[in-house]
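Reader: I would like to learn how to read the packing in a model like this one. Could we begin with a pair of helices and work outwards from there?

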Amino acid sequence: MNNTITVKSATETMALGERLAKYLIPQDLILLDGDLGAGKTTFTKGLAKGLGIQRPVKSPTFTIIREYQDGRIPLYHMDAYRLEEGGGDDLGLEEYFNGDGVNVVEWSKFVSTEIPDNYLRIIFKRDDSQGDNVRTLSFQAEGSHFQKMISELLGD
């Protein structure tokens, strides 16, 4: 199964996030990794829209965790970039991961010791040679729930 997809605009990135949202259930964990400006927060905006969240989604870089409660299920959007030096031991991530919402973690490598065994990782790669907003997204599923989700999302 080909677990990659190429998007050519921010609109396509958001639409993919919106499509993924319909498969999500509480305690799902989505890890978004890639360079700065690769589309991780843009993807999360689409995911939030797909969950029915009306509030604007902002990057949680400085707050680390933003909570959105007004959708079909809550969305917990986390950005671990600023935890590069210290990790996420004191953030209570386990409570979020075992809670009532969907968890999206950007820059997951900085909290890798906190990550449960089952998750969906999406790696964003910029391809500036193809245009300003062209991205290749690679999907890696850990657990049968996420493997099924990728299969349905990517139509294989």
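**Reading a helix pair and its surroundings**

Author: In this predicted model, the axes of α1 and α2 come within 6 Å of each other and cross at roughly 45°. That crossing makes α1 oblique to α2, because an angle counts as oblique when it falls outside the parallel, antiparallel and perpendicular ranges, the last of which runs from 65 to 115 degrees.

Reader: What is the general way to describe two packed helices?

Author: Two packed helices are described by the angle between their axes together with the distance between those axes. In the present case one can add a hand, since the crossing of α1 and α2 is right-handed. On the α1 side the contact is made by A10, T13, M14, L16, G17, E18, L20 and A21, while α2 contributes T42, F43, K45, G46, L47, K49 and G50.

Reader: How many nonpolar, polar and charged residues does the contact of α1 with α2 have?

Author: By class, this contact has 7 nonpolar residues, 5 polar ones and 3 charged ones.

Reader: Which residues of α2 are buried, and what covers them?

Author: The buried residues of α2 are K40, T41, F43, T44, G46, L47 and A48, and what covers them includes the helix α1 as well as the strands β2, β4, β5, β6 and β7. Just after α2, G52 takes a positive phi of about 85°. To follow a single residue, take L47, which, leaving aside its neighbours within four places in sequence, is in contact with G17, E18, L20, A21, L24, L75 and V104.

Reader: How many residues does the largest nonpolar core have, and which have the most contacts inside it?

Author: The largest nonpolar core has 29 residues, and those with the most contacts inside it are L20, I30, F43, L47, L75, L120 and I122. At least two residues of this core are supplied by each of α1, β2, α2, β5, β6, β7 and α4, and the largest share, 4 residues, comes from α4. Apart from this core lies another, of 16 residues, including I65, F110, I115 and Y119.

Reader: Is D33 buried or exposed, and what does D33 touch?

Author: D33 lies in strand β2, and its relative accessibility is 12%, so D33 counts as buried, the cut-off being under 20%. Not counting residues up to four places away in sequence, D33 touches K40, W107, S108, K109, R121, I122, I123 and F124; of these, K40 is also one of the buried residues of α2.

Reader: Where does Y81 lie, and what does Y81 touch?

Author: Y81 lies in the loop between β4 and α3, and, because its relative accessibility is 30%, Y81 counts as partly exposed. With residues up to four places away in sequence not counted, Y81 touches L36, E106, W107 and F110. Y81 and L36 are 45 residues apart in sequence, and their C-alpha atoms are 9.7 Å apart in space.

Reader: How many helices and strands does the protein have, and what pattern does the protein follow along the sequence?

Author: The secondary structure comes to 4 helices and 7 strands, and, read along the sequence, the protein follows the pattern β-α-β-α-β-β-α-β-β-β-α. Of its 156 residues, 46% count as buried. Among contacts between residues at least 6 apart in sequence, 64% join residues at least 24 apart.

Technical notes: Residues numbered from 1 in each chain as written. Predicted model: local features only at pLDDT ≥ 70, side-chain atom pairs only at ≥ 80, totals over all residues. Heavy atoms only, no water. Core = buried A, V, L, I, M, F, W, Y, C linked by side-chain atoms within 4.5 Å. Buried < 20%, exposed > 50% of the residue type's maximum accessible area, 1.4 Å probe, protein only. Contact = heavy atoms within 4.5 Å. Axes fitted to C-alpha atoms, helices over the stretch in contact; angles between N-to-C directions. Parallel < 35°, antiparallel > 145°, perpendicular 65-115°, else oblique. Left-handed = near helix turned anticlockwise from the far one by under 90°. Nonpolar A, V, L, I, M, F, W, Y, C, P; charged D, E, K, R; others polar.
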